[in-house]
Amino acid sequence: MEIPGYEIIGELAADRETRGYLPRRAVDGADVLITVVGTLEGDEGNALNHLASDVKLLSAQPHHGVLRVLDGVWVGVEFALITQRPPAPTLEVLLIRRDEEFPFARIATVLRDINATLVWARERGVVHRAIRLENVFVEPGSDRTTVSFGVRPLALTNMPSEAEDSRTIAGLATAMFTRGRRSGEEASLAEQRSGLPAAGVAQTARLLGKESGDKSALPDGGSYSAAIAMAE
């Protein structure tokens, strides 16, 4: 991979959708991160064109909760997203470490910051707002979070919605409740996380699109994280 203005010094493990590179910027020697996105299976809504538009917006309007977007360039039919190097360990790594505790108050703090970032991005028309454990970065000591938005295939008409953002928050909450184990892998959420109120279990299930006996109105991401804080 060659991108003008950058010297590639390392390559990260690739997944089905992206390849990651660790380059230095030629103009000043700064260490950055390049994520190259190719054709996405099942995409009907021009995901890469929307990504290019998102990059312009995020580079012009940086937000403290989003990994700083520096540039984006087309490399043939692929798109290369250039960001600052992640400043802290990922949430995925923290969940693997058994010396890291995740009480309800800490989970709520992390979710509150991520939800605020999602709201900010949604209000400004950022289309790609997918967040997974490996692109949430948690600052040691303060738990201040920074995210990088993942790219995913888009439907032909419907763009990602507020409901999907809330589902993202519930998915991250579940991972912290269960230390990253898949839901239902060993036991129910209530069994895996003792002390989580039945209402919290039901809200999580409903936000994730699972069946639940709770017929009350679905909370938004902010209300959901606040309820978790009170579960302590």
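How many residues lie between β1 and β2 in the hairpin that they form? The two strands are separated by 6 residues. This briefing describes a predicted model of a protein chain with 7 helices and 7 strands. It treats the overall form first, and then the hairpin, the open and enclosed spaces, the salt bridges and two residues with positive phi.

**Overall form**

- Read from the N terminus, the elements of the protein chain follow the order β-β-β-α-β-β-α-α-β-β-α-α-α-α.
- The radius of gyration of the protein chain is 18 Å, close to the 17 Å that the globule rule gives for 232 residues, so the chain is as compact as a globular protein of that length.
- Along the principal axes, the C-alpha atoms of the protein chain fill a box of roughly 55 × 45 × 30 Å.
- Of the 232 residues in the protein chain, 45% are buried.

**The hairpin of β1 and β2**

- Strand β1 covers residues 6-11 and pairs with β2 in the antiparallel sense, over 5 bridges.
- Within this hairpin, Tyr6 has Arg25 in β2 as its bridge partner.
- Arg25 also takes part in a salt bridge, in which its side chain meets that of Asp28 (2.8 Å, N to O).
- Both partners of this salt bridge are partly exposed: Arg25 has a relative accessible area of 22%, and Asp28 has one of 48%.

**The largest pocket**

- A volume of about 730 Å³ belongs to the largest pocket.
- Its lining consists of 28 residues, and those nearest the centre of the pocket are Thr18, Thr35, Arg132, Glu134 and Asn135.
- Two or more lining residues come from each of the elements β2 (18-25), β3 (32-37) and β5 (78-84).
- Which element gives the most to the lining of the largest pocket? That element is β2, with 4 residues.
- By residue class, the lining of the largest pocket comprises 14 nonpolar, 7 polar and 7 charged residues.

**The largest cavity**

- As a general point, empty space left among atoms is revealed by rolling over them a probe the size of a water molecule.
- The structure contains 1 cavity of 30 Å³ or more.
- The space in the largest cavity amounts to about 120 Å³.
- Among the residues lining the largest cavity are Leu51, Val55, Leu58, Leu81, His128 and Phe149.
- The elements α1 (47-60) and β5 each provide at least two residues of this lining.
- The largest share comes from α1, which supplies 4 residues.
- The lining of the largest cavity divides into 8 nonpolar, 3 polar and 1 charged residues.
- Strand β5 therefore contributes at least two residues to the lining of the largest cavity, and β5 also gives two or more residues to the lining of the largest pocket.

**Salt bridges**

- The structure has 13 salt bridges, counted as a side-chain nitrogen of Lys or Arg within 4 Å of a carboxyl oxygen of Asp or Glu.
- One salt bridge joins the side chains of Glu78 and Arg19 (2.9 Å, N to O).
- Because Glu78 lies in strand β5 and Arg19 in strand β2, this pair ties together parts that are 59 residues apart in sequence.
- Arg19 is partly exposed, with a relative accessible area of 24%.
- A further salt bridge is formed by the side chains of Arg124 and Glu123 (3.9 Å, N to O).
- Arg124 counts as partly exposed at 35% relative accessibility, whereas Glu123 is exposed, with a relative accessible area of 61%.
- Arg122, Arg129, Glu162 and Asp165 are connected in a network of salt bridges.

**Residues with positive phi**

- Asn46 is a residue other than glycine with a positive phi, near 55°.
- Asn46 is placed in the loop between β3 and α1.
- Asp143, too, is a residue other than glycine with a positive phi, near 65°.
- Where does Asp143 lie? Its place is the loop between β6 (136-138) and β7 (145-147).
- Asp143 has a relative accessible area of 14%, and because buried means under 20%, this residue counts as buried.

Conventions:
Residues numbered from 1 in each chain as written. Predicted model: local features only at pLDDT ≥ 70, side-chain atom pairs only at ≥ 80, totals over all residues. Heavy atoms only, no water. 1 Å grid on protein atoms, 1.4 Å probe; cavity = no way out; pocket = protein on both sides within 12 Å on 5 of 7 lines; lining within 4 Å. Points joined across faces, edges and corners; volume = space filled by probe spheres on them. Nonpolar A, V, L, I, M, F, W, Y, C, P; charged D, E, K, R; others polar. Pairing = 2+ DSSP bridges. Buried < 20%, exposed > 50% of the residue type's maximum accessible area, 1.4 Å probe, protein only. Rg over C-alpha atoms; globule rule 2.2 N^0.38 Å.
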